[in-house]
Amino acid sequence: MTEPGSTLEPAGREDAAALECRDVVKTFKRGRRLRRKTMKAVDGASFSIRKGELFGLLGPNGAGKTTLVRCIATLLIPDAGSIRILGRDVFKDSLWCRQRIGLLTSGERTLYWKLSARANLNFFAALYGLSGKERDKRIDYLVELLGLKEVENERLERYSSGMKQKVSVARAILHDPDLILLDEPSLGLDPQFARFIRQFIREELNQRLGKTILITTHYMDEADELCNRIAFISRGKIVDVKSPAAYKRDIPHTEVLEIRVQGQPDTRPVETLPGVERASAEFKDGVTTVKLVLPRAETALADAIELLRTGSKILGVDVKQPTLEDVFLYVTGTSLGADTTEKPDEAGGRPGADGH
Ligand SMILES: Nc1ncnc2c1ncn2[C@@H]1O[C@H](COP(=O)(O)OP(=O)(O)OP(=O)(O)O)[C@@H](O)[C@H]1O
Ligand SMILES: [Mg+2]
């Protein structure tokens with residue numbers, strides 16, 4: 001399928017990052033007048049995304065992900081710091097930048113449910129200045145691409161959440177943006193729709209169309225599968241930025257080496273191999289399962305097999321690696337599902353007056 005071209009003027013500086021956030025601060029005021037307190041939802045966040053990257057922003061509830069995404073999309077004005085898209089400042093060149101950003105928000109109703117998918121897309125296309133044949137061609141293309149052809153004229157209120165999300169995706173990319181911001185795109189979707197959305201993001205948007213993507217998610221498997229690099233954010237601060245593989249390699253971690261052998265051999269020599277921190281052996285249904293916990297399973301693998309296979313048959317070997325969830329726990333110091341929503345700052349104080 002060919003993609004109808006965009007009418008927008010050429011992109012910004014060729015060598016510029018697709019997105020650069022520098023020392024972004026966003027403070028909210030809370031509470032009633034005299035007891036008004038401030039809290040920093042984003043507290044000096046800096047990171048940059050290269051063109052064509054699929055970049056993840058991960059952090060616990062209340063970490064500041066949505067606030068940061070809304071600042072990038074120019075829906076919120078930061079108290080301080082700068083945000084650049086392809087080298088241009090989002091507040092100084094906001095119109096230019098907005099045309100290059102596609103936004104998919106979570107938890108907010110951004111479509112008209114009484115209207116059909118086609119009518120919604122016509123409406124939003126008009127806001128982007130698309131009209132006539134060009135608009136029809138673009139919507140035909142997106143409806144086809146997202147598998148909405150059969151239902152495009154039905155009211156959205158009859159759609160499942162998954163189908164509605166497809167329309168939201170179409171809406172976000174109507175104007176063929178360079179940078180696509182996806183705030184929890186698979187939230188609340190069943191596994192089938194979530195898989196479709198994930199595949200669409202990676203294979204269609206990122207790999208085929210070459211779009212730069214910033215995605216926030218709570219699903220660690222999703223982040224692991226999709227992202228080239230991930231920024232962990234905690235209490236409004238970017239804690240680290242790396243590839244999923246680098247995170248897993250770099251955290252101080254342990255692996256579990258599990259070996260199943262037939263019968264009931266003497267496992268003590270294996271349990272005392274160098275590096276083994278903890279060990280257990282369980283005999284059940286004629287099979288002994290030996291578990292060794294150690295920093296690197298491979299350091300004990302060959303010796304353990306050698307010792308166990310004398311007189312017994314090895315039935316299976318498994319190594320459990322650290323997951324991105326282990327990384328999340330380590331990097332943010334918070335488990336998934338914990339709410340780090342900051343309580344209003346007792347010290348109070350006015351938000352910074354500089355910035356935009
Ligand atoms: N409009 C607002 N007014 C006051 N406080 C706000 C506002 N929007 C966000 N906050 C607060 O800012 C902090 C960051 O919220 P934000 O929604 O950005 O977090 P998040 O990382 O997206 O969380 P989640 O994972 O739950 O979506 C929270 O403490 C939240 O309560
Ligand atoms: Mg959020």
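Two strands count as paired here if DSSP finds at least two bridges between them. I wanted that pinned down before looking at who faces whom: F283 stands opposite T288 in strand 13. Also for the record, I'm working from a predicted model.

**Entry 1: the overall count**

I started with the whole protein and found 11 helices and 14 strands. Of the 356 residues, 38% are buried. I then checked contacts between residues at least 6 apart in sequence, and 73% of those join residues at least 24 apart.

**Entry 2: strands 12 and 13**

Back to the F283 pair. Strand 12 covers residues 278-284, and I looked up how it meets strand 13, residues 287-294: seven bridges join them, and they run antiparallel. A second facing pair I noted is S280, which stands opposite K291 in strand 13. The two strands make a hairpin with two residues between them. In that turn I found D285 with a positive phi of about 50 degrees.

Is strand 12 covered or in the open? I went through its seven residues and the number buried is zero, so the strand lies largely in the open. The cut-off behind that is 20 or more other C-beta atoms within 10 Å.

Next I traced the sheet around the hairpin. It is an open sheet of four strands in the order 12-13-11-14, with antiparallel pairing. Strand 12 and strand 14 (314-320) stand at the edges with a single partner strand each, so one side of each has no neighbour in the sheet. On average, neighbouring strands of this sheet are turned by 15 degrees against each other, direction ignored. I also looked for what lies across these strands and got helix 10, residues 298-309, which lies across strand 11 (255-262), strand 13 and strand 14. Its direction runs at about 15 degrees to strand 11.

**Entry 3: the other four-stranded sheet**

I found another open sheet of four strands, ordered 2-1-4-5, again with antiparallel pairing. Which strands stand at its edges? They are strand 2 (37-49) and strand 5 (88-89), and each has a single partner strand, so one side of each is left without a neighbour in the sheet. Strand 4 (residues 80-85) pairs with strand 5 in the antiparallel sense over two bridges. I85 stands opposite R88 in strand 5. Helix 1 packs on this sheet and touches strand 1, strand 2 and strand 4. I noted its direction at about 115 degrees to that of strand 1.

**Entry 4: ligand 1**

Helix 1 came up again when I looked at the ligand. There are 13 residues around ligand 1, and F28, A41, N61, T66 and T67 come nearest. Strand 1 (19-30) and helix 1 (65-72) each supply at least two residues of the shell. Which element gives the largest share? I get helix 1, with three residues. By type, I count three nonpolar, seven polar and three charged residues in the shell.

**Entry 5: R50**

I looked up R50 next and found it in the loop between strand 2 and strand 3 (54-58). It has 13 other C-beta atoms within 10 Å, so I put it down as partly exposed. Leaving out residues up to four places away in sequence, R50 touches A17 and A18. I also took the C-alpha separation of R50 and D15: they are 35 residues apart along the chain and 9.5 Å apart in space.

**Entry 6: helix 5 and strand 6**

Does the length of helix 5 agree or disagree with what its residue count predicts? Helix 5 has 12 residues, 161-172, which should span 16 Å at 1.5 Å a residue. I find its end C-alpha atoms 16 Å apart, so it agrees. The helix is mostly covered, with nine of its 12 residues buried. Among the buried ones are K164, K166 and R171, along with V167 and V169. The buried residues pack against strand 6 (101-104), helix 3 (117-127), helix 4 (132-145), strand 7 (179-183) and helix 6 (191-208).

I followed strand 6 from there. I101 and L103 point one way from the strand, G102 and L104 point the other way, and all are buried. That fits the usual picture, in which side chains of a regular strand alternate between the two faces of the sheet. Four bridges join strand 6 to strand 7, and the two run parallel. My last lookup was L104, which stands opposite L182 in strand 7.

Methods: Residues are numbered from 1 along each chain as its sequence is written. Chains are lettered from A and ligands numbered from 1 in the order in which they are written. This is a predicted model: local features need pLDDT of at least 70, side-chain atom pairs count only at pLDDT 80 or more; totals for chains, interfaces and linings use all residues. A residue is near a molecule or strand if its C-beta atom, placed from the backbone, lies within 6 Å of it. Ala, Val, Leu, Ile, Met, Phe, Trp, Tyr, Cys and Pro count as nonpolar, Asp, Glu, Lys and Arg as charged, and the others, Gly among them, as polar. The expected span of a helix is 1.5 Å times one less than its number of residues. Two residues are in contact if their C-beta atoms, placed from the backbone, lie within 7 Å. Axes are lines fitted to C-alpha atoms, for helices over the stretch in contact, and angles run from 0 to 180 degrees between N-to-C directions.
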